[in-house]
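Colleague: Please take one part of this model and look at it closely. Start with a single packing arrangement, then work outwards until the rest of the chain has its place.

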Amino acid sequence: MVGENLGVCKICLLLFVKSVSANDIIIKAIFVLLQLFEKIIVKRMSKDNIIKIDVAGVLKSRASKTKVPKFLVNYLRRIVHEDEFNQFFRENPDLKNLDFIEAAFKYLEMTVNIEGRENLPPKDGRYIFVSNHPLGGLDGIATGYLIGKEYDGKVKFFSNDLMMNLHPMKDMFIPVNKFGSQAKGHAEMMQQLYESDNHLVTFPAGMCSRKVKGKICDLEWKKNFVTKSVQHHRDVVPIYFEGKNSKFFYNLANLRKFLGIKFNIEMMYLPNEMFKQKGNTFTIRIGKPIPWQTFDKSKSQADWAQWVKDIVYKMA
């Protein structure tokens, strides 16, 4: 019965977004539901200074004049795993950065195998680590943890607005504002970052993998990492992360695209996808570093980006 109710909620989300007019008040509620994932981890501090997820509170503050059906609120609380996240935050109130990630691994009972560790370059360099993005969050955290441990905590990785709200890890994140406007001074901050001694982890696809023609893979890789590699003389280290989301996630993404819905509804389910990975073992494969001088004018930078992507997927 519970499964049937959840299925009804999923269908309702799709039909609401497809059918309501832009002037209908319900579109405000649906818009909030679809965009909530980017602001879901809010810094609501308890008396013990512990952050917590409060779905109902966020909805109330962002759609105060719109009555969101209770069953949708409860459904959203379930798919973002509000109770589980808050339990973890209560049990680990003072942990930050690598210690926080390590505790999260234990909570999710997940382990990571590393292949090709011998390919990691010396600590005295400055590198850009590029990876496929199969999971949309957990893979980024795991890869950042690996690099942080290997390079004495000198690691930063690019993150969207959702992850930036995860305050215990904010020192490791680089805001790319995938779901918002670029902040003033962002270009200057990026310049300082690339000139720093921190190693950088990036996912050139800009979003997690999708299922295309029966195959789960990243969409087009953006060329920015190639541009920055050449500009700042940073060698590129290719990484392949072995993992995938559920069939539901990919089917929903394809259905949403088929219906012509622009909002990435499937992104709301990433927390749920993360908890589906509980107890799993993942493999990270590290390839040989690519000298920045490789990216010459024999190819366009966009073509070089796809060339590196091909190297990554050959490690699968």
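**A helix pair and the sheet beside it**

Modeller: Helix 10 and helix 13 are roughly perpendicular to each other. The angle behind that is about 105 degrees, and the two axes lie 8 Å apart. It falls in the roughly perpendicular class because that class runs from 65 to 115 degrees. Bear in mind that this is a predicted model. Helix 10 covers residues 224-231, and helix 13 covers residues 301-314. On the helix 10 side, the meeting residues are F225, V226 and T227. Their counterparts in helix 13 are Q301, W304, A305 and V308.

Helix 10 has a second set of neighbours. It lies across strand 2, strand 5 and strand 8. Relative to strand 2, its direction is about 165 degrees.

That brings us to the sheet. Seven strands build it, in the order 1-9-8-2-5-3-4. The sheet is open, and its pairing is mixed. Strand 1 (111-115) and strand 4 (173-175) stand at the edges. Each has a single partner strand, so one side of each has no neighbour in the sheet. From one strand to the next, the twist averages 25 degrees.

Take strand 8 next, residues 235-242. Six of its eight residues are buried, so the rest of the structure largely encloses this strand. Its pairing with strand 2 is parallel and runs over five bridges. There, S131 stands opposite I239 in strand 8. Its pairing with strand 9 is antiparallel, over four bridges. There, Y240 has R285 of strand 9 as its bridge partner.

Now strand 3 and strand 5. Strand 3 spans residues 155-159 and strand 5 spans residues 199-202. They run parallel and are joined by three bridges. One facing pair is F157 and V201, the latter in strand 5.

Just before strand 3 comes K154, in the loop from helix 7. K154 is partly exposed, because its relative accessible area is 43%. In sequence it is 44 residues from N198, yet their C-alpha atoms are 4.8 Å apart. Beyond its sequence neighbours within four places, K154 is in contact with D197, N198 and H199.

Helix 7 itself, residues 138-150, also lies on the sheet. It crosses strand 1, strand 2, strand 3, strand 5, strand 8 and strand 9. Its direction is about 165 degrees to strand 3. Strand 2, strand 5 and strand 8 are also the ones helix 10 lies across.

One site elsewhere deserves a look. H81 sits in the loop between helix 4 (70-79) and helix 5 (82-91). It is buried, because its relative accessible area is 11% and the cut-off is under 20%. The H81 side chain makes a polar contact with the side chain of N272, at 2.7 Å. Leaving out residues up to four places away in sequence, H81 touches P271, N272 and F275.

Finally, the whole chain. It has 13 helices and nine strands. Of its 316 residues, 52% are buried. The exposed area is about 16,100 Å², and carbon and sulfur atoms supply 52% of that. Among contacts with a separation of 6 or more, 74% join residues 24 or more positions apart. K154 and N198, with their positions 44 residues apart, show such a separation.

Technical notes
Residues numbered from 1 in each chain as written. Predicted model: local features only at pLDDT ≥ 70, side-chain atom pairs only at ≥ 80, totals over all residues. Heavy atoms only, no water. Pairing = 2+ DSSP bridges. Helix = DSSP H or I, 4+ residues; strand = E, 2+ residues; numbered from the N terminus. Axes fitted to C-alpha atoms, helices over the stretch in contact; angles between N-to-C directions. Contact = heavy atoms within 4.5 Å. Buried < 20%, exposed > 50% of the residue type's maximum accessible area, 1.4 Å probe, protein only. Areas by Shrake-Rupley, 256 points an atom, 1.4 Å probe, with all protein chains shown as cover. Polar contact = N/O pair within 3.5 Å; in protein donor to acceptor, adjacent residues only side chain to side chain. Parallel < 35°, antiparallel > 145°, perpendicular 65-115°, else oblique.
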